[in-house]
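Biologist: Could you walk me through the salt bridges in this one? I'd like to hear the reasoning too.

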Amino acid sequence: MFTLAENKEVGKELRATVVDALKEVMAENEKVVALEADLGGASKWTDIGKSNPDRFINVGIAEANMVGVAAGLNLTGYTPFIHTFGPFATRRVLDQVYLSGAYSKNTINIFGSDPGFAAGHNGGTHTTWEDVALLRSIPDVVICDAADEVQMDWIIKAFSEMEGVHYVRGNRKGVRNVYAAGSTFEIGKGNLLKEGSDYLIVAAGQLVSEALEVAEALAEKGISCDVIDMFTIKPLDKELLIKHLADKKGVITIENHSTTGGLGSAVAEVIADNGIAVPLKRIGVDNRFGQVGTPEFLQAEFGLTTEKMLEQLAEFVK
């Protein structure tokens, strides 16, 4: 059960949330281990090295090797969590995740940090608009996009009790609150945050907060929207999606990701596979590489602020 937060203030840093959740899990389960690819300072995973030095490994700038080590640890009974920036946790190591992880039926829990515009000053080389698309192509991989600290904490703890390859993406820094403390979720199930009758908005990750703002702005113009937080992008909650597509004038997807292969594509596939005649507007990044800038600048540059999204929707909802 979940409850929406009463305030929209920026919460605790997600990297600190991940570390604190892992410390709790490691205190309860001596088989949980953490691996880092030379970004311990950026991720705060060096704190895990201090609290659990015998269960923390820094493999250096060798991400593919980290995935292989994680797979080997799982074969010997351990439950590994690994971290690096989003593009290095997916694009750079895709074959290892596929073969050593999913194909071999090993358990590897992956935290890919700073997706999309969150890469900020690290620029285009560290930007991933395609991580979800890449991992969606691998059988049985679970993909989550955390909306805030409450959801991220829950996801990390849920992953620790699951078998298989699991990926969660999220900003290292703090993001705005969506959920109240104590909220719980279910892997593979979306959350209906707001009910409406005209359009359906489906969002995931950091932009769930903006999706709620978009719905509020449209409501002021007499346009009523459902809002779903589809925090598990794979497996997608098709049942919830189909239910709330009924009698809608259109569906809008919002994601900090490419419009190719991500949440928007997953929703489009459900619409097409089920013969649902409803217009679709995908808001994301179309055929662009990342660039250098503050996260705030980049969010606007790539059209992912509330104001920019409303501009994109002006014709669609007219």
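**Charged pairs, step by step**

Modeller: Sure! This is a predicted model, and one thing to spot is that D114 and R172 are both buried.

Biologist: What makes D114 and R172 a salt bridge?

Modeller: Their closest N and O atoms are 2.8 Å apart. The cut-off is within 4 Å, so the pair counts. D114 sits in the loop between strand 5 and helix 7, R172 in the loop between strand 7 and strand 8, and they are 58 residues apart.

Biologist: Why are D153 and K157 said to be about one helical turn apart?

Modeller: Because they're four residues apart in helix 8. They form a salt bridge as well, with the closest N and O atoms 3.1 Å apart. D153 and K157 also join E24 in a network of salt bridges.

Biologist: Is D153 buried, partly exposed or exposed, and how do you know?

Modeller: Its relative accessible area is 22%. Buried means under 20% and exposed means over 50%, so D153 is partly exposed. K157, at 25%, is partly exposed too.

Biologist: What about D198 and K249: how do you know that they pair?

Modeller: The closest N and O atoms are 3.7 Å apart, which is within 4 Å, so it's a salt bridge. The pair ties together parts that are 51 residues apart in sequence.

Biologist: Why is D198 called buried and K249 exposed?

Modeller: D198 has 13%, which is under 20%, so it's buried. K249 has 54%, which is over 50%, so K249 is exposed.

Biologist: And how many salt bridges does the count come to?

Modeller: The count is 17.

Conventions
Residues numbered from 1 in each chain as written. Predicted model: local features only at pLDDT ≥ 70, side-chain atom pairs only at ≥ 80, totals over all residues. Heavy atoms only, no water. Salt bridge = Lys/Arg side-chain N within 4 Å of Asp/Glu carboxyl O. Helix = DSSP H or I, 4+ residues; strand = E, 2+ residues; numbered from the N terminus. Buried < 20%, exposed > 50% of the residue type's maximum accessible area, 1.4 Å probe, protein only.
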